[in-house]
Amino acid sequence: MKRIGVTGHRSIPGEVLAHVTDGLRELLDGHEGPLEALSSLAEGADQIFADIALECGADLTVVIPSGDYEKTFTDAGALARYRRLRGLAAQEVRMDYAHSTDDAYYAAGTFIADACDRLVAVWDGLPARGRGGTGDIVAYARGLGKPVTVIWRDGVERD
């Protein structure tokens with residue numbers, strides 16, 4: 001079974017959203033054979049990736065950074081999507097952190113990078129805004145020699 005993990009921004013500007021969705025769909029729909037998709041189900045890229053992966057018949061593995069992770073969702077819609085996707089997961093992995101901290105996010109991101117065969121990054125190419133951000137996980141995966149597919153539109157920056 002091939003494993004594809006995701007890292008990406010929580011905030012995706014409207015002018016790049018269709019490009020991101022199309023890129024993820026092309027990557028996941030074009031895959032042959034059994035597929036496992038790994039995501040932390042954060043708002044934005046993680047949830048979009050998980051939805052598309054499930055549509056494409058992948059088994060979803062969710063990687064929960066901390067015991068209080070649900071409290072980090074300030075948007076009711078994002079929390080509802082998180083709960084729905086979590087309920088559809090084939091497997092759940094929990095990091096050993098009580099609270100959502102940068103270290104917890106870094107642990108979840110590096111777990112995904114370690115476990116996947118390919119990492120897809122919905123990433124504007126800029127440095128991470130905090131430890132465990134997208135830029136950090138891309139650098140970590142590349143340091144492992146993992147293939148990383150970046151999906152973004154040049155010239156667009158996140159909020």
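## Contacts, salt bridges and buried sites in a predicted model

Leaving aside neighbours within four places in sequence, A128 is in contact with G133, T134, G135 and D136. Please keep in mind that the structure is a predicted model. From A128 we can move on to H9, which lies 119 residues away in sequence and 9.6 Å away in space, C-alpha to C-alpha. After that come the helices α2, α4 and α5, and then the salt bridges, of which a search of the whole structure finds nine.

**A128 and its surroundings**

- A128 sits in the loop between β5 (118-122) and α5.
- With a relative accessibility of 24%, A128 counts as partly exposed, because the partly exposed class runs between 20% and 50% relative accessible area.
- One of the contacts of A128, T134, also appears among the residues that H9 touches.
- Another contact of A128, D136, takes part in the meeting of α4 with α5.

**H9, a buried histidine in a loop**

- H9 is found in the loop between β1 and α1.
- The relative accessible area of H9 is 4%, so this residue is buried.
- Two polar partners are worth a look in your viewer. The side chain of H9 has a polar atom 3.0 Å from the backbone nitrogen of D124, and it makes a polar contact with the side chain of R158 at 3.3 Å.
- Not counting residues up to four places away in sequence, H9 touches E43, G44, A45, V122, W123, D124, T134, W152 and R158.
- A45 in that list is also one of the buried residues of α2.

**Helix α2 and the loop before it**

- Eight of the 11 residues of α2 are buried, so the helix is largely enclosed by the rest of the structure.
- Those buried residues are A45, D46, Q47, I48, F49, A50, I52 and A53.
- What do the buried residues of α2 pack against? Their partners are β1, α1, β2, β3 (59-64), α3 (76-88) and β5.
- In the loop between β2 and α2 you will find L41, which has a positive phi of about 65 degrees although it is not a glycine.
- L41 is buried, with a relative accessible area of 0%.
- On the other side, α2 is followed by G57, whose phi is also positive, near 85 degrees.

**Where α4 meets α5**

- Helix α4 (residues 102-115) and helix α5 (residues 134-143) have axes that come within 9 Å and cross at roughly 35 degrees.
- The crossing of α4 past α5 is right-handed.
- On the α4 side, the contact is made by Y106, G109, T110, A113 and D114, while α5 contributes D136, I137, Y140 and A141.
- By type, the residues of this contact divide into five nonpolar, two polar and two charged.

**Salt bridges**

- E36 and R3 join their side chains in a salt bridge, with N to O at 2.7 Å. This pair links distant parts of the chain, since E36 belongs to strand β2 (residues 35-39) and R3 to strand β1 (residues 2-8), 33 residues apart.
- Is E36 buried or exposed? E36 is buried, with a relative accessible area of 9%, whereas its partner R3 is partly exposed at 34%.
- A second bridge joins the side chains of R25 and E55, with N to O at 2.9 Å. Here too the pair links distant parts of the chain: R25 is in helix α1 (residues 14-29) and E55 in helix α2 (residues 45-55), 30 residues apart.
- R25 is partly exposed, with a relative accessible area of 30%, while E55 counts as exposed at 56% relative accessibility.
- The side chains of E92 and R94 also meet in a salt bridge, at 3.3 Å from N to O. Salt bridges that share partners join E70, R83, R86, E92 and R94 into one network.
- Both members of the E92 and R94 pair are partly exposed: E92 has a relative accessibility of 33%, and R94 has a relative accessible area of 45%.

How values were computed. Residues numbered from 1 in each chain as written. Predicted model: local features only at pLDDT ≥ 70, side-chain atom pairs only at ≥ 80, totals over all residues. Heavy atoms only, no water. Salt bridge = Lys/Arg side-chain N within 4 Å of Asp/Glu carboxyl O. Helix = DSSP H or I, 4+ residues; strand = E, 2+ residues; numbered from the N terminus. Buried < 20%, exposed > 50% of the residue type's maximum accessible area, 1.4 Å probe, protein only. Axes fitted to C-alpha atoms, helices over the stretch in contact; angles between N-to-C directions. Left-handed = near helix turned anticlockwise from the far one by under 90°. Contact = heavy atoms within 4.5 Å. Nonpolar A, V, L, I, M, F, W, Y, C, P; charged D, E, K, R; others polar. Polar contact = N/O pair within 3.5 Å; in protein donor to acceptor, adjacent residues only side chain to side chain.
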